[in-house]
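Visitor: Hello! Could you show me around this molecule, one question at a time?
Guide: Happy to, let's have a look together.

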Amino acid sequence: MQQNQLIDPFGRLVDYVRISVTDRCDFRCVYCMAEQMTFLPKKELLTLEEIADVCDSFIELGTKKIRLTGGEPLVRRNIMHLINHLGAQVKNQNLEEVTITTNGSQLPKYAVPLFDAGVRRINVSIDTLQPEKFTQITRWGKLDVVLEGLVAAKKAGLKIKLNTVALKGVNDNELSSMLIWAGEQGFDMTIIEVMPMGDIGSENRLDQYMSVSEVQNKLSQSFSLHESEHKSSGPARYFNVGETGQRLGFITPLTHNFCESCNRVRMTCTGQLYLCLGQDDNANLALALRSGGKEGLKTAIIEAISRKPLGHDFAIERGLSNQAVSRHMSVTGG
Ligand code: SAM
Ligand code: SF4
């Protein structure tokens, strides 16, 4: 019988795939990248057609949700070809959802095409609402462009969740005003802890790190946070914010382990399938596709899922001063 579901050795159904479509980005966020980055040569990247083949194979193996990320997914040339392809899979009810994580810089241009393709929800990363600070954090970004993108996305009908990385001494004093603003705009918000991924040059993650539990304690002094039924099966806990009516999530990969319910795997833009964000074990899907076609690809995916580890072993003491995982978040995709 043909296999049409992916179940890992711990009995977890894997039906969510995140795909990094490029390692490149038009920003250089201080916690994510060094200012001088060497990116992969274009010829090492999977083509958009190959990525579509990988997505189709995952869909045939029961994947329900695909998230495109990066680097910045919307800077990849002709990215709408892939998004239209996945949108068609949603319209044909083969896939439940295609979503995108973006820094927002290209949303003024892409908000309407994304909605027309069938995307209904996006995550937009924004760490501050102060223009100068925004440029300090992103190095190359402009807040007004991202705000314009958010307006365009909302107008196009996209549901928006903000991703905000908590940065000690940088935006910690702004998180409650950002939460109020997000509520006024009708956006959910997730606050993320800095994770030890990839070399970021002269910046030190110990300086950047603040515990999201600490953030939660502070916010619960000013807001009534009611634990939400909502589950994303990711490493987030969600709360309904009484004062704003929106949801607030906390992602604490370093201080808690949410691996038990993990349902996802991640593929890099070169076709490496990582079975866990915090582990190095991977499978080369590019090779499998190029040598074995779509059947070879499916066999390689099934084999890889049979090796999915129980969980990661990030640890604050070991992880932060150095990097626990040498690849950047922009390679595996956030
Ligand atoms: N460029 C897109 C963006 O910024 O949304 C998508 C890729 S980015 C790698 C995905 C998410 O990862 C963003 O929300 C970003 O803030 C987060 N991120 C990047 N590096 C991180 C790190 N070292 N620790 C925690 N979050 C990180
Ligand atoms: Fe680019 Fe996103 Fe990384 Fe910022 S977090 S440098 S926007 S990939």
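Visitor: In what order do the 12 strands of the open sheet lie?
Guide: Welcome to a predicted model! Its open sheet has 12 strands with mixed pairing. Reading across, the order is β7-β8-β9-β6-β5-β4-β3-β2-β1-β10-β11-β12.

Visitor: Which strands stand at the edges?
Guide: Look for a strand with a single partner, so that one of its sides is left without a neighbour in the sheet. Two strands fit that description, residues 225-227 and residues 282-284. They are β7 and β12.

Visitor: By how many degrees are neighbouring strands of this sheet turned against each other on average?
Guide: Here we ignore the direction of the strands and take the average over neighbours in this sheet. The turn is 25°.

Visitor: Which residue in β9 stands opposite Asn240?
Guide: Start with the pair of strands: β8 covers residues 236-241 and β9 covers residues 247-251. They run antiparallel and are joined by 5 bridges. Opposite Asn240, in β9, stands Arg247.

Visitor: Which strands does helix α5 lie across?
Guide: Helix α5 spans residues 143-156. Its angle to one of those strands, residues 159-165, is about 150°. The strands are β4 and β5.

Visitor: Are α2 and α3 roughly parallel or roughly antiparallel to each other?
Guide: The axes of α2 (residues 79-91) and α3 (residues 107-117) come within 8 Å and cross at roughly 30°. Angles under 35 degrees count as roughly parallel. So α2 and α3 are roughly parallel.

Visitor: How many nonpolar residues has the contact of α2 with α3?
Guide: Ile79, Met80 and Ile83 are among the α2 residues that meet α3, where the partners include Tyr110, Pro113 and Leu114. By class, the contact has 2 polar and 2 charged residues, and the nonpolar ones number 8.

Visitor: Which residue has a backbone N or O atom 3.0 Å from a nitrogen atom of ligand 1?
Guide: Ligand 1 has 19 residues around it, and Tyr31 and Gly71 are among those that come nearest. Tyr31 uses a polar side-chain atom, 3.1 Å from an oxygen atom of the ligand. The backbone atom at 3.0 Å from a nitrogen belongs to Gly71.

Visitor: How many charged residues has the shell around ligand 2?
Guide: Cys25, Phe27, Arg28 and Cys29 are among the residues that surround ligand 2. By class, the shell has 4 nonpolar and 2 polar residues, and the charged count is 1.

How values were computed. Residues are numbered from 1 along each chain as its sequence is written. Chains are lettered from A and ligands numbered from 1 in the order in which they are written. This is a predicted model: local features need pLDDT of at least 70, side-chain atom pairs count only at pLDDT 80 or more; totals for chains, interfaces and linings use all residues. Side-chain values use heavy atoms; hydrogens and water are left out. Two strands pair if DSSP finds at least two bridges between them. Helices (H or I, at least four residues) and strands (E, at least two) are DSSP runs, numbered from the N terminus. Axes are lines fitted to C-alpha atoms, for helices over the stretch in contact, and angles run from 0 to 180 degrees between N-to-C directions. Contact means heavy atoms within 4.5 Å. A residue is near a molecule or strand if one of its heavy atoms lies within 4 Å of it. Ala, Val, Leu, Ile, Met, Phe, Trp, Tyr, Cys and Pro count as nonpolar, Asp, Glu, Lys and Arg as charged, and the others, Gly among them, as polar. Angles under 35 degrees count as roughly parallel, over 145 as roughly antiparallel, 65 to 115 as roughly perpendicular and the rest as oblique. A polar contact is a pair of N or O atoms within 3.5 Å; within protein, one must be able to donate a hydrogen and the other to accept it, and residues adjacent in sequence count only if both atoms are side-chain atoms.
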